[in-house]
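Let's take a walk through this structure together, one space at a time. Have the sequence and the 3D view open side by side, and follow along as we go.

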Amino acid sequence: MYKTLSVAKDTWWVGVNDYETDLFESLWPLPQGVAYNAYVISAGKTVAVDTVKGSRFDDYIDKVLSVLDGRPLDYLVVNHMEPDHSGVISCLKRTYPDLQLIGNAKTVPLLKEYHGIVEGVIQVKDGENLDIGGHLLTFYTIPMVHWPESMVTFDGTTRTLFSNDAFGGYGAHEGGIFDDEKPRERWEGEMLRYYSTIVARYSGMVQTALKKLSGLDIANIYPAHGTLFRHDIRQVIELYDRWSKQETESGVVVAYGSMYGNTRRMAEAVCRGVAEGGVKNLRLYDAARADTSLILSDIWRYKGLVLLGCTYNTLLFPALDALCTKLVNRMPKKRVLGIGGSYSWSKGALDALRAFADTVKLEKIGPEVEVFAAPTEADLEQCVELGRNMAKAVL
Ligand SMILES: Cc1cc2nc3c(=O)[nH]c(=O)nc-3n(C[C@H](O)[C@H](O)[C@H](O)COP(=O)(O)O)c2cc1C
Ligand SMILES: [Fe+2]
Ligand SMILES: [Fe+2]
């Protein structure tokens, strides 16, 4: 977005679009870019809520200066210390030497280590208020959503929750910035992709945070990435509740790792069985080529997961192994899992998938299929049966 936008009484969006970063956290593709949403409240006192990635200070400060129109900046609320929101703190402090930083007990050591800042830091407790003249701000810690110091700020006057990474999504702002300015399918997929890659591991802590904030009378949820919600905040709270409770839709994701196509034929046979079983929500992914963040999104959305891998130098094919590692890290629950492998001499892939299944403790659906070199008709029929059983388990 090329300019500041008024987003509530006395409140401006001063964030930036980032189209240059190709991988978020050097991991997750950004085909539609990403936005760092930051805000300024210009009331009795002037307050910035979060900032932007370090490399974007010029764009950010231009917007802050235009909103403040000659006034100094009194406070910066540091909801989160990850550098995509706190990278410009040192520069901002040099611009406004009297700036006071607001954080919680977990923020303070990080401010010192990242920026060498110890002076002018106000440490707030969970639920503490700050009257900024015409607006009352309240700070709530939401530990491990998704860092220890993560916090949200509620402006009781405009009933706006500045939620930082919570409720965030990938994707830069096009013309629209609010939920009522774009179709739901334009933001929901990128929000789920953000959830499944960044937040999913901490789903239990998300539930704790949702309960803590449930008593607030919220009109707007303004996150630090992606769409600003002012039209219907219930729909995003419901999504977050569902994703963090790990409630799924009936559907099956089949992901495979294959070098010469034999394991892919197994995967296709499983898919045929899933379709015969009446499941339309079916996603087939080549783990070596598909964007892992899309695979993770669909795994978070659907109840069924089938993983099929060939053996590579005694182990599970690397791309599928990498997917398994990312899944273990996110601790998926309440899903059903089918597995299968292929080999030509020592075996290895299916054993690795069995170990994965033991680790994630998902309910297993059989049969397990193990194929020697190329699948026979009988092998493929077993794969179809696995697909049919998956369909039964998810419908
Ligand atoms: C580079 C390479 C390494 C392999 N390593 C093993 C192995 O350690 N043990 C084994 O049983 N098979 C191994 N295989 C054989 C494959 O797992 C087997 O041919 C399988 O059917 C390949 O499935 P695909 O056609 O889906 O790639 C290897 C194959 C290749 C090309
Ligand atoms: Fe973050
Ligand atoms: Fe972030």
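**Spaces and unusual backbone spots**

The largest cavity holds about 60 Å³ of space. Please keep in mind as we look around that this is a predicted model.

Which residues line this largest cavity? They are I142, V145, V152, A166, F167, V206, A209, L210, L213 and Y240. If you colour them by class, you will find 10 nonpolar residues, no polar ones and no charged ones. Helix α6, which spans residues 203-213, makes the biggest contribution to this lining, with 4 residues.

While you are at V145, have a look at the backbone there. The peptide bond that runs from V145 to H146 is cis, and its omega is near 5 degrees. H146 sits in the loop that connects β13 (136-141) with β14 (151-155). V145 is thus worth a pause on two counts: it belongs to the lining of the largest cavity, and it begins a cis peptide bond.

The count of cavities of 30 Å³ or more comes to 2, so let us visit the other one, keeping the definition of a cavity as a space from which the probe cannot get out. About 50 Å³ of space lies in this second largest cavity. Its lining consists of E188, L239, R242, W243, E247, T248, E249, W300 and R301. Two elements, α7 (233-245) and α9 (292-301), each give two or more residues to that lining. The largest share comes from α7, with 3 residues. What is the make-up of this lining by class? It has 3 nonpolar residues, 1 polar residue and 5 charged residues. Set that beside the lining of the largest cavity, with its 10 nonpolar residues and no charged ones.

Now for the pocket and its ligand. The largest pocket is the space that ligand 1 takes up. It holds about 290 Å³ of space. A set of 18 residues lines the pocket, and M259, C310, T311, Y343 and S344 are those nearest its centre. Helix and strand elements share in building the wall: α8, β19 and β21 each provide at least two residues of the lining. Of these, β19 gives the most, with 3 residues. By class, the pocket lining has 7 nonpolar, 10 polar and 1 charged residues.

With the pocket in view, turn to the ligand itself. There are 18 residues around ligand 1, and S258, M259, T263, T311 and T314 come nearest. M259 and T311 may look familiar, as they are also among the residues that lie nearest the centre of the largest pocket. At least two residues of the ligand's shell come from each of α8 (262-276), β19 (302-312) and β21 (336-343). The largest share of this shell, 3 residues, is supplied by β19. Sorted by class, the shell has 7 nonpolar, 10 polar and 1 charged residues.

Which atoms of the protein come close to the polar atoms of ligand 1? A polar atom in the side chain of S346 is 2.7 Å from a nitrogen atom of the ligand. The backbone takes part as well: a backbone N or O atom of K347 lies 3.0 Å from an oxygen atom of ligand 1. A polar backbone atom of G261 is 3.4 Å from an oxygen atom of the ligand. How much of the accessible area of ligand 1 does the protein cover? On its own the ligand has 640 Å² of accessible area, and the protein covers 86% of it.

To finish, let us return to the backbone. Most residues other than glycine have a negative phi, and most peptide bonds are trans. Against that background, a few places are worth finding in your viewer. Besides the bond from V145 to H146, a cis peptide bond joins G366 and P367, with omega about 0 degrees. P367 is in the loop between β22 (363-364) and β23 (369-372). D69, a residue other than glycine, has a positive phi near 50 degrees. You will find D69 in the loop between α1 (57-68) and β9 (75-77).

Terms used: Residues numbered from 1 in each chain as written. Chains lettered and ligands numbered in written order. Predicted model: local features only at pLDDT ≥ 70, side-chain atom pairs only at ≥ 80, totals over all residues. Heavy atoms only, no water. Near = heavy atom within 4 Å. Polar contact = N/O pair within 3.5 Å; in protein donor to acceptor, adjacent residues only side chain to side chain. Areas by Shrake-Rupley, 256 points an atom, 1.4 Å probe, with all protein chains shown as cover. 1 Å grid on protein atoms, 1.4 Å probe; cavity = no way out; pocket = protein on both sides within 12 Å on 5 of 7 lines; lining within 4 Å. Sits in = over half its atoms within 2 Å of the grid points. Nonpolar A, V, L, I, M, F, W, Y, C, P; charged D, E, K, R; others polar. Points joined across faces, edges and corners; volume = space filled by probe spheres on them.
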